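Reader: I am new to reading protein models, and I would like to go through one slowly. Could we look at the strands, the helices and the cores in turn?

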Amino acid sequence: MDLLKGNYKLGKNVKVPEKSKAEKDTEEFEREALAQLGGSICFVSKPKKLIWDGEDESGA
Amino acid sequence: MKLTREEMLRTFQETTWRKGIDQCLKNFEENLPYVERTVRDLRWEVAAPSSALVVGMGPSLHRRGTAERLRRTPYDGVLVSSDGAFSYLIRRGVVPQYVISVDYLDWVVRWFGDPELEKRGPDGYFKNLDIDPQFIKDDAERQNQELIRLVNEVGPRVKAILPTTIPPAIARRCREAGMAVYWWNPILDEQDRPESLTRTLYRRVKAPCMASGGNCGAAGYVFAATVLGAKRVGLAGIDMGYYPDTPLEKTQFYLEMKARTPELTPEEYKELIIRVTNPHDRTTYYTDPPYYCYREVLLNLIDQAGVETHNCAGGGTVFSDRIRWTSLEDFLQGGSKWIS
């Protein structure tokens, strides 16, 4: 999709609808809420491998 | 407009990373002198079990009488307990072969009995959540002393599976209780990149790097499926959500939010709640953004593991096409009868 970005022109102007204040507030609130978290939580990620034992490290 | 699930997960990852990384690296440095055996050694020391049951500390653990059912049902596999479920199990006479811990903050040592309890701050986390009802309520000091005694008693029979980023207080407590400690590095980022922090940890400590999923239940699952090599893994007490009758104030996210954002109204909070209907027991559980993220990641880990996976919790939000819904007794006895 990135290849298509910006290499063509649209025939008419397209207006992106602005978010309402309520929508912005809710979004901001959720971001703030998540930013408050901490405590017992370590790292959350979807890894590419479940276990890695230095397979591509020299001398591993 | 609500955040999408992916946005929520990404924000959550960024937040936990920012908050946790400094402490993790500090813990890592302090643990270095004590790193001897790693989980790689376990592959030589123990044969791959026929199956493994991973026990988390979700509400189904005590609501479904998991320990009592484990005690009365023969099982020739191994038990991998999260730190949070450990005291619940040993209090009821069930001693797991392995206990796994993940968190990087030292108050978690409470799960093992905390020799320095009086130095810690308020323990609302333990008092308020829907966890083992016998774990600390009003008589925290006495309960703690009893747990120290009990952990010391069973410690020599238990192997502690600890990340190199664990608080030194937990590693120390495990050693003092006579547990054999086996270390692993947590996968913190994409190790393919040369500047990867995971790769940096590995270069300092040649311990296998393992995905933790951010919590002990998920880490226990990965440990069972990869290090132990169990081809059949069961989950108990891993709910990633709350039972419908659980008051909001008994949930971790709510407590965090109320403490840090007192102006939060119930209506605003309810907007953050996610409801998940379990097709097996046809019950709608609710979960909060952190646990929903944990759920999504755990389902991803299960997809990748490629081992026969059974959820024996009897409820909760952890279900997918890849997960067999099995009663605890059927799993323990080697069956795979699907129930719904």
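The questions and answers below go through this predicted model.

Reader: In what order do the strands of the open sheet of 10 strands stand?

Author: The sheet draws on both chains, and its pairing is mixed. Reading across it from the strand of chain A, the order is 1(A)-6(B)-5(B)-4(B)-3(B)-2(B)-1(B)-7(B)-10(B)-11(B).

Reader: Why is one side of strand 1 of chain A and of strand 11 of chain B left without a neighbour in the sheet?

Author: Both of these strands stand at the edges of the sheet. One side of each is left without a neighbour there because each has a single partner strand.

Reader: Which residue in strand 7 of chain B stands opposite V54(B)?

Author: Strand 1 of chain B, residues 52-55, is joined by four bridges to strand 2 of chain B, and the two pair in the parallel sense; there V54(B) faces V80(B). Four bridges also join strand 1 to strand 7 of chain B, residues 232-236, and these two run parallel as well. On that side, the residue standing opposite V54(B) is L235(B).

Reader: Which residues of strand 1 of chain B point the other way from A52(B) and V54(B)?

Author: In a regular strand the side chains alternate between the two faces of the sheet. In strand 1 of chain B, A52(B) and V54(B) point one way, all four residues of the strand are buried, and those that point the other way are L53(B) and V55(B).

Reader: Which residue of strand 11 of chain B stands opposite N311(B)?

Author: Going on from strand 7 of chain B, four bridges lead to strand 10 of chain B, residues 308-311, in a parallel pairing, where G234(B) has H310(B) as its bridge partner. Strand 10 is in turn joined to strand 11 of chain B, residues 323-325, by three bridges, and these strands also run parallel. In strand 11, the residue opposite N311(B) is W325(B).

Reader: What is the bridge partner of I100(B) in strand 4 of chain B?

Author: Strand 3 of chain B, residues 98-100, pairs in the parallel sense with strand 4 of chain B, residues 159-163, over three bridges. Leaving aside neighbours within four places in sequence, the contacts of I100(B) include V80(B), W184(B), M210(B) and F223(B). Its bridge partner in strand 4 is I161(B).

Reader: Which helix gives the most residues to the largest nonpolar core?

Author: That core has 51 residues, and among those with the most contacts inside it are Y98(B), I100(B), I161(B) and V233(B). With nine residues, the helix that gives the most to this core is helix 10 of chain B, residues 216-227.

Reader: How many residues are in the second, separate core?

Author: Among the members of this core are I21(B), V35(B), L150(B) and A207(B). Its count of residues is 30.

Reader: At about what angle does helix 9 of chain B run to strand 5 of chain B?

Author: Helix 9 of chain B, residues 197-204, lies across strand 1 of chain A together with strand 5 and strand 6 of chain B. Its angle to strand 5 of chain B is about 145°.

Reader: What percentage of the residues in chain A score a pLDDT of at least 70?

Author: Chain A has 60 residues, of which 33% are buried, and it holds one helix and one strand. Over residues 36-40 of chain A the pLDDT stays under 50, although the model has 22 contacts beyond four places in sequence for them. The average pLDDT of chain A is 64, and the share of its residues that score at least 70 is 30%.

Definitions and conventions
Residues are numbered from 1 along each chain as its sequence is written. Chains are lettered from A and ligands numbered from 1 in the order in which they are written. This is a predicted model: local features need pLDDT of at least 70, side-chain atom pairs count only at pLDDT 80 or more; totals for chains, interfaces and linings use all residues. Side-chain values use heavy atoms; hydrogens and water are left out. Buried means under 20% relative accessible area, exposed over 50%, partly exposed in between (1.4 Å probe, protein chains only). Two strands pair if DSSP finds at least two bridges between them. A nonpolar core is a set of buried Ala, Val, Leu, Ile, Met, Phe, Trp, Tyr and Cys residues joined through side-chain atoms within 4.5 Å. Contact means heavy atoms within 4.5 Å. pLDDT is the predictor's confidence in each residue, from 0 to 100. Axes are lines fitted to C-alpha atoms, for helices over the stretch in contact, and angles run from 0 to 180 degrees between N-to-C directions.
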